[in-house]
Amino acid sequence: MTRSLTLTRPDDFHLHLRDGAMLAGIAPETARDFARAIIMPNLVPPVVTGAQAEAYRQRILAALPDSDFVPLMTLYLTEATDPADLVAAHRAGIITAVKLYPAGATTNSASGVRDFDKTRPVFEAMAEAGIPLCVHGEVTDAEIDIFDRESVFIDRVLDPIRGATPGLRVIMEHVTTRDAVDYVRSADADLAATITTHHLIINRNHILVGGIKPHYYCLPVAKREEHRLALLEAATSGDARFFLGTDSAPHSDDKKECACCAAGCFTATHTMPLLAEVFERAGTLDRLDAFCGHFGADFYGLARNAGQLRLERGEDPVMFPAKIETGAGPVTVFDPGFPVHWRVVARS
Ligand code: DOR
Ligand code: ZN
């Protein structure tokens, strides 16, 4: 029996599009199903000024000539960021948010923040101007176990920043722990979290048991099953503070299948079918629309999309491409490890 599902055209509130030949190859994968996405600024060199963000936005649009996809740009916060520049870029409509990477936390984060006191004036200006802060929530201290870096970040960095900056709107990106879910739930206002598709599907066993699987390695790294279940519960609960940010992060296969594998899972191609399968298995298909199409837009103060996306469920598993060929090399598409029966059949 075929069943169908009509959703608000979704948004992706955390996406890596890269640049050059990689951008050209993978941007259509997101633009096919999504109306808008928050675009991560961790290029080399990073997107640190309004002028760079605008130039990058133009390159994204040029990579999508026949699309009405809207890239929502971000600036990469450094210790040298000038609050006035940032507020001006926001006021001019060039940027939607600012991204905080602790220095050394992840891909291309070397220019990120080491001393959070230095960025305090920026946080204050952002709170005043109502500019949301997207946070990669992991400490980088060598002595902190990689599986504890998110929860330690909440205690040592995020909570003090929020306490010192009333009114600062924060999105904890790609949460991976029950601790983060609990922290978001405990906050009274101005805090939300994105959840990725892949963190709803894999735990750390998927990466490590039976040999190391580089295409499941991302940052923050997937944690124990109990944490995946907490994310699943949050995503499917109907709580508006949790919404989709795929963190789809393409790396060419040579950068993944090597002695020092780059962090990132690439899910842009089939995120909506995967999520339909995940929400259906959880018995919460009726909550998928809000998770992908309502809550994020509401938190960011954006109008919900007028368009729709229709999915159908068939009896047979759907075959998705194993790889996307790009001018920068092939990119392996995330394998959920279970059959997916949903496909997108119409977009408006
Ligand atoms: O897995 C990840 N990949 N996590 C990040 O924070 C960055 C991203 C990337 O840019 O590849
Ligand atoms: Zn990311």
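Which of the 13 residues around ligand 1 come nearest? They are Arg18, Asn42, Leu219, His251 and Ala263. The model is a predicted one. Ligand 1 sits in the largest cavity, and the space in that cavity comes to about 140 Å³. This briefing covers the ligand, the cavities, the pockets and some backbone details.

**Ligand 1 and its contacts**

- The shell around ligand 1 consists of 4 nonpolar, 7 polar and 2 charged residues.
- Two histidines face oxygen atoms of the ligand: a polar side-chain atom of histidine 16 lies 3.3 Å from an oxygen atom of ligand 1, and a polar side-chain atom of histidine 136 lies 3.2 Å from an oxygen atom of ligand 1.
- Leucine 219 makes its contact through the backbone, where a polar atom is 2.7 Å from a nitrogen atom of ligand 1.
- On its own, ligand 1 has 290 Å² of accessible area, and the protein covers 100% of it.

**The cavities**

- Rolling a probe the size of a water molecule over the atoms shows where empty space is left.
- In this model the count is 3 cavities of 30 Å³ or more.
- The largest cavity, where ligand 1 sits, is lined by 19 residues.
- Nearest the centre of the largest cavity are His16, Thr106, Thr107, Leu219 and Asp247.
- Leu219 is also among the residues that come nearest to ligand 1, and His16 has a polar side-chain atom 3.3 Å from an oxygen atom of the ligand.
- The lining of the largest cavity is made up of 6 nonpolar, 10 polar and 3 charged residues.
- The second largest cavity has a volume of about 60 Å³.
- Residues lining the second largest cavity include His215, Ala249, Pro250, His251, Asp253 and Lys256, and also among them are Gly264, Cys265, Phe266, Val331 and Thr332.
- Helix α9 (253-256) and strand β12 (329-332) each supply at least two residues of that lining.
- By class, the second largest cavity is lined by 5 nonpolar, 4 polar and 2 charged residues.

**The pockets**

- The largest pocket holds about 300 Å³ of space.
- Its lining has 15 residues, and Arg18, Met22, Asn108, Pro250 and His251 lie nearest the centre of the largest pocket.
- Arg18 and His251 appear again among the residues that come nearest to ligand 1, while Pro250 and His251 also line the second largest cavity.
- The lining of the largest pocket divides into 7 nonpolar, 5 polar and 3 charged residues.
- The second largest pocket has a volume of about 210 Å³.
- Of the 14 residues that line the second largest pocket, Phe320, Pro321, Phe334, Asp335 and Pro336 lie nearest its centre.
- Nonpolar residues account for 12 of the lining of the second largest pocket, with 1 polar and 1 charged residue besides.

**Backbone details**

- Most residues other than glycine have a negative phi, and most peptide bonds are trans.
- Arginine 18 has a positive phi, near 60°.
- The position of arginine 18 is in the loop between β2 (11-15) and α1 (20-31), and Arg18 is one of the residues that come nearest to ligand 1.
- Valine 44 and proline 45 are joined by a cis peptide bond, with omega about -5°.
- Proline 45 is found in the loop between β3 (36-39) and α2 (50-62).
- Another cis peptide bond joins leucine 219 and proline 220, where omega is about -5°.
- Proline 220 belongs to the loop between α7 (204-208) and α8 (225-235).
- Leucine 219, at that second cis bond, is the residue whose polar backbone atom is 2.7 Å from a nitrogen atom of ligand 1.

Key. Residues numbered from 1 in each chain as written. Chains lettered and ligands numbered in written order. Predicted model: local features only at pLDDT ≥ 70, side-chain atom pairs only at ≥ 80, totals over all residues. Heavy atoms only, no water. 1 Å grid on protein atoms, 1.4 Å probe; cavity = no way out; pocket = protein on both sides within 12 Å on 5 of 7 lines; lining within 4 Å. Points joined across faces, edges and corners; volume = space filled by probe spheres on them. Nonpolar A, V, L, I, M, F, W, Y, C, P; charged D, E, K, R; others polar. Near = heavy atom within 4 Å. Polar contact = N/O pair within 3.5 Å; in protein donor to acceptor, adjacent residues only side chain to side chain. Areas by Shrake-Rupley, 256 points an atom, 1.4 Å probe, with all protein chains shown as cover. Sits in = over half its atoms within 2 Å of the grid points. Helix = DSSP H or I, 4+ residues; strand = E, 2+ residues; numbered from the N terminus.
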